[in-house]
Amino acid sequence: MKIKSYFADSVEQAIQEARRELGTEAMLITSRRSSPETRGLGAYEVVFGLNAGSNAPTARPRPSVPAADLSGELQNLRAQLQEIKSTLQGARPSESSSSEAEQLFEELVANDLAGHIAKETISAALRLRDQLSRETLAGDRAASPLALRAYAAELISKQLRFAPACLQPPPNQTAPDAGRVVVFAGPAGAGKTTTLIKIAIRECLAHRQPVRILSLDPYRVAAHEKLRSFAAIVGVGFTAINSVQEFQAAAEESRNKGIVLVDTPGYSPAELDGLDEIAGCFEGLANKQVHLLLPASMKRVDLSRCIRAYSPFQPDFLLFTKLDETESQGAILSAALEADKPLSFFTSGQNIPEDIEPAQARPLLDAVFRPEAAGAVSAA
């Protein structure tokens with residue numbers, strides 16, 4: 001048998017060169033990375049053999065190998081070559097990868113993550129893992145042990161956005177910016193009043209920032225009383241506002257007096273006619289933030305509907321309440337990703353002011369993925 005080596009930048013190129021020169025009768029013997037001495041000829045070396053009776057060019061003889069041993073070695077080498085080709089060419093995922101992807105998809109959808117988001121995320125995670133596998137092979141590094149769900153958690157984490165510490169003054173400034181107005185909007189029962197008081201205590205008074213509360217509700221008799229009582233308990237200024245004109249006057253009066261927290265009425269799906277009028281109060285208002293409060297216990301379709309309905313408020317942030325009332329938080333992830341809005345705070349109970357914290361990725365990822373997958377995000 002005549003033996004000849006071919007060198008190229010890829011196994012496929014070396015095989016093609018050998019086939020052109022030796023023909024289809026040539027038999028692949030081995031494939032490997034080039035040695036340091038032959039690296040200049042190409043990154044990979046493939047060795048082909050051809051029967052002595054063939055018309056192909058002669059090659060340097062190699063030590064003979066028993067036929068039985070050669071057959072087994074060739075079978076093993078062909079399997080190795082197929083594995084290399086699958087990796088280099090980004091071949092179709094194996095059955096185990098497909099099963100892993102299907103199982104992960106079912107888990108994410110069961111946790112109320114939107115189907116299209118789950119599908120796109122898993123597809124991207126498969127591509128990312130395949131790319132990292134190719135880079136690992138090319139760099140002779142150990143293969144990554146991370147499961148597909150860890151890559152998916154990493155991709156979702158990178159898409160989420162979070163609000164800065166927007167209610168606190170800079171480190172070298174003891175007083176807040178002039179006349180900041182923070183508006184709380186959202187459907188009835190979202191917990192706007194309770195959340196406003198929590199933020200007034202933990203984010204404003206705790207940092208010695210002057211606060212005034214405005215309660216804007218032109219429609220409901222005695223709608224201001226609960227917030228008036230809270231304001232009296234914590235010792236902050238309070239103004240009840242029953243019309244758009246009164247709000248404009250109160251906002252002007254409160255200008256340059258610290259942070260103004262504004263509570264707005266909640267609307268049921270049948271009461272949205274008055275929403276535009278209230279939202280119009282804040283148009284052109286300088287130095288304002290609008291937080292759209294949404295209950296985490298809402299179904300995904302209802303969250304999407306509320307985000308669309310409250311678009312006249314032009315919310316800057318999403319604030320999710322009542323996280324303690326649900327164990328399925330895929331709907332929150334879906335809403336945040338679809339709305340492309342930063343998350344500001346999470347609340348998880350009625351205790352004032354304890355049950356509130358700045359929004360972060362970990363609680364959401366822990367709820368939708370297994371904790372070990374969420375914990376592996378930084379290493380993915």
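# Sheets, cores and a pocket in a predicted model

Reader: Let's start in the middle of things: in what sense do β8 and β9 pair, and over how many bridges?

Author: β8 and β9 are parallel partners, and five bridges hold the pairing together. Keep in mind that this is a predicted model. Within that pairing, Leu 294 has Phe 320 of β9 standing opposite.

Reader: And on β4, what stands opposite Val 182?

Author: Opposite Val 182 is Gln 289, a residue of β8. β4, which covers residues 180–185, runs parallel to β8 and is joined to it by five bridges.

Reader: Is β8 buried or exposed, then?

Author: Strand β8 covers residues 288–295, and seven of its eight residues are buried, so the strand is largely enclosed by the rest of the structure.

Reader: What is the strand order of the sheet these belong to?

Author: The order is β6-β5-β7-β4-β8-β9-β10-β11, an open sheet of eight strands with mixed pairing. At the edges stand β6 (237–241) and β11 (356–358), and because each has a single partner strand, one side of each is left without a neighbour in the sheet. On average, and ignoring direction, neighbouring strands here are turned by 20° against each other.

Reader: Which helices pack on it?

Author: Among them is α8, residues 244–253, which touches β5 (211–216), β6 and β7 (259–263), and whose direction makes about 155° with that of β6. Another is α11, which touches β9 and β10, with its direction at about 170° to that of β9.

Reader: How many bridges join β9 to β10?

Author: Two bridges join β9 to β10, residues 343–347, and these strands run parallel. In that pairing Leu 318 stands opposite Leu 343 of β10.

Reader: Switching to the interior: how many residues has the largest nonpolar core, and which have the most contacts inside it?

Author: The largest nonpolar core has 62 residues, and the ones with the most contacts inside it are Phe 247, Val 262, Phe 282, Phe 313, Phe 320 and Phe 369. The element that gives the most to this core is α11, with six residues.

Reader: Phe 320 has come up twice now; what does it touch?

Author: Leaving aside residues up to four places away in sequence, Phe 320 touches Leu 294, Leu 303, Ile 332, Ala 335, Leu 343, Phe 345, Phe 346 and Thr 347. Leu 294 is also the residue that stands opposite Phe 320 in the strand pairing. There is in addition a second, separate core of 20 residues, which includes Phe 184, Ala 200, Ala 231 and Phe 238.

Reader: Okay, loops. Where is Gln 329, and is it buried or exposed?

Author: Gln 329 sits in the loop between β9 (317–321) and α11 (330–339). Its relative accessibility is 9%, so Gln 329 counts as buried. Apart from residues up to four places away in sequence, Gln 329 touches Asn 111, Leu 323, Pro 363, Leu 364, Ala 367 and Val 368.

Reader: Which residues other than glycine have a positive phi?

Author: Two examples are Gln 314, with phi near 50°, and Asp 340, with phi of about 55°. Most residues other than glycine have a negative phi. Gln 314 lies in the loop between α10 (300–309) and β9, and at 56% relative accessibility it counts as exposed. Asp 340 lies in the loop between α11 and β10 and is partly exposed, with a relative accessible area of 49%.

Reader: What about the second largest pocket: what is its volume, and which residues lie nearest its centre?

Author: The second largest pocket has a volume of about 420 Å³. Its lining is made up of 27 residues, of which Gly 189, Ala 190, Gly 191, Lys 192 and Thr 193 lie nearest the centre. The elements giving two or more residues to this lining are α6 (192–204), β5 and α7 (225–234), and the largest share, five residues, comes from α6.

Reader: Last one: what is the strand order in the sheet of three strands?

Author: That open sheet has the order β1-β3-β2, with antiparallel pairing. β1 (2–8) and β2 (27–33) stand at the edges with a single partner strand each, so one side of each is left without a neighbour in the sheet. Helix α1, residues 11–22, packs on this sheet and touches β1 and β3, its direction making about 135° with that of β1. Six bridges join β2 to β3, residues 44–50, and Arg 32 stands opposite Glu 45 of β3.

How values were computed
Residues numbered from 1 in each chain as written. Predicted model: local features only at pLDDT ≥ 70, side-chain atom pairs only at ≥ 80, totals over all residues. Heavy atoms only, no water. Helix = DSSP H or I, 4+ residues; strand = E, 2+ residues; numbered from the N terminus. Buried < 20%, exposed > 50% of the residue type's maximum accessible area, 1.4 Å probe, protein only. Contact = heavy atoms within 4.5 Å. Pairing = 2+ DSSP bridges. Axes fitted to C-alpha atoms, helices over the stretch in contact; angles between N-to-C directions. Core = buried A, V, L, I, M, F, W, Y, C linked by side-chain atoms within 4.5 Å. 1 Å grid on protein atoms, 1.4 Å probe; cavity = no way out; pocket = protein on both sides within 12 Å on 5 of 7 lines; lining within 4 Å. Points joined across faces, edges and corners; volume = space filled by probe spheres on them.
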